[in-house]
Amino acid sequence: MVLENASPIVYSVVRRERKISPEDYDENIVDPIDALEVFDHIRDINDPEHPLTLEQLNVVQEELIEVHNEEIPFVDVRFTPTIPHCSMATLIGLAIRIKLARSLPPKMKIIVRITPGTHNTEESINKQLADKERVAAAMENPTLMAAVNQCLTPPE
């Protein structure tokens with residue numbers, strides 16, 4: 001297998017800790033979902049080409065996640081492929097989308113898109129990732145889901 005990005009830059013992982021307050025232990029208080037929680041769900045997704053996580057490759061960053069908990073709750077995740085012609089960008093976006101769909105409440109709308117200006121075909125890929133029917137069809141494809149599940153398998 002020929003790697004598109006044979007020697008990607010590996011970034012150090014920054015430990016992020018949430019400050020815990022007494023309200024965090026009160027089961028009567030609903031904690032809103034925030035960018036750190038979403039980031040925690042996707043940071044350890046495996047890159048399809050390398051034995052590294054999306055966080056280690058700086059593909060996902062907490063700063064590129066927006067969460068809105070108002071009337072129509074949604075999460076907007078932007079990701080940055082390591083190279084502008086990455087053929088795995090759609091697979092990475094699909095893995096992020098599926099991981100969040102499995103992790104977040106069903107009422108939460110999920111938007112996954114490429115960081116503007118970081119990929120040659122970002123518009124086309126963003127369109128695919130936003131198309132519910134195409135995502136549903138991808139989830140019915142056993143070969144594609146095997147690749148997604150490999151990305152979502154936690155490291156040992």
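## Exercises on a predicted model

Three strands make an open sheet, ordered β1-β2-β3, with mixed pairing. The model is predicted. Work through the tasks below with the structure in view.

**Exercise 1. Find which strands stand at the edges of the sheet, and say why one side of each lacks a neighbour.**

Solution.
- Step 1. Take the strand order, β1-β2-β3.
- Step 2. Look at the ends of that order. The edge strands are β1 (65-68) and β3 (109-114).
- Step 3. Each edge strand has a single partner strand, so one of its sides has no neighbour in the sheet.
- Step 4. Add the twist. Ignoring direction, neighbouring strands here are turned by 10 degrees against each other on average.

**Exercise 2. Work out in which sense β2 pairs with β1 and with β3.**

Solution.
- Step 1. Recall the options. Strands of a sheet pair through backbone hydrogen bonds, in a parallel or an antiparallel way.
- Step 2. Start with β1 and β2. They run antiparallel and are joined by four bridges. The two form a hairpin, with five residues between them.
- Step 3. Check residue pairs. I65 has V77 as its bridge partner in β2. V67 stands opposite V75 in β2.
- Step 4. Move to β2 (residues 74-79) and β3. Six bridges link them, in the parallel sense.
- Step 5. Check residue pairs again. F74 is opposite K109 in β3, and V75 has I110 as its bridge partner there.

**Exercise 3. Sort the side chains of β1 by face: which are buried and which are not?**

Solution.
- Step 1. Follow β1 residue by residue. Its side chains alternate.
- Step 2. I65 and V67 point to one face, and both are buried.
- Step 3. E66 and H68 point to the other face and are not buried.
- Step 4. Turn to β2. This strand is mostly covered, with five of its six residues buried.

**Exercise 4. Describe how α1 and α2 pack, and name the residues that meet.**

Solution.
- Step 1. Choose the two quantities. A packed helix pair is described by the angle between the axes and the distance between them.
- Step 2. Apply them. Helix α1 (residues 35-42) packs on helix α2 (residues 89-103) at about 115 degrees, and the axes lie 9 Å apart.
- Step 3. Give the hand. This crossing of α1 and α2 is right-handed.
- Step 4. List the contact. From α1 come V38, H41 and I42; from α2 come I96, K99, L100 and S103.
- Step 5. Classify those residues. Four are nonpolar, two polar and one charged.

**Exercise 5. State which strands α1 and α3 lie across.**

Solution.
- Step 1. α1 lies across β1 and β2, and runs at about 125 degrees to β1.
- Step 2. Helix α3 (residues 122-130) lies across β2 and β3, at about 160 degrees to β3.

**Exercise 6. Which residues have the most contacts inside the largest nonpolar core?**

Solution.
- Step 1. Set the background. Nonpolar side chains tend to be buried together in soluble globular proteins.
- Step 2. Name the residues. The largest nonpolar core holds 37 residues, and I65, V75, F79 and I96 have the most contacts inside it.
- Step 3. Trace the suppliers. At least two residues each come from α1, β1, β2, α2, β3, α3, α4 (132-140) and α5 (142-152). α2 gives the most, with eight.
- Step 4. Zoom in on I65. Leaving out residues up to four places away in sequence, I65 touches A35, V38, F39, I42, V75, D76 and V77.

**Exercise 7. Place N58 and V13, and decide whether each is buried, partly exposed or exposed.**

Solution.
- Step 1. N58 lies in the loop between α1 and β1. V13 is in the segment before α1.
- Step 2. Use the cut-offs: buried is under 20% relative accessible area, and exposed is over 50%.
- Step 3. N58 has 26% relative accessibility, so it counts as partly exposed. V13 has 46%, so it too is partly exposed.
- Step 4. Check the backbone of N58. Most residues other than glycine have a negative phi. N58 is not a glycine, yet its phi is positive, about 65 degrees.
- Step 5. Find the partners of V13. Not counting residues up to four places away in sequence, V13 touches R43, E55 and Q56. V13 and R43 are 30 residues apart in sequence, and their C-alpha atoms are 9.6 Å apart.

Key: Residues numbered from 1 in each chain as written. Predicted model: local features only at pLDDT ≥ 70, side-chain atom pairs only at ≥ 80, totals over all residues. Heavy atoms only, no water. Axes fitted to C-alpha atoms, helices over the stretch in contact; angles between N-to-C directions. Left-handed = near helix turned anticlockwise from the far one by under 90°. Contact = heavy atoms within 4.5 Å. Nonpolar A, V, L, I, M, F, W, Y, C, P; charged D, E, K, R; others polar. Pairing = 2+ DSSP bridges. Core = buried A, V, L, I, M, F, W, Y, C linked by side-chain atoms within 4.5 Å. Buried < 20%, exposed > 50% of the residue type's maximum accessible area, 1.4 Å probe, protein only.
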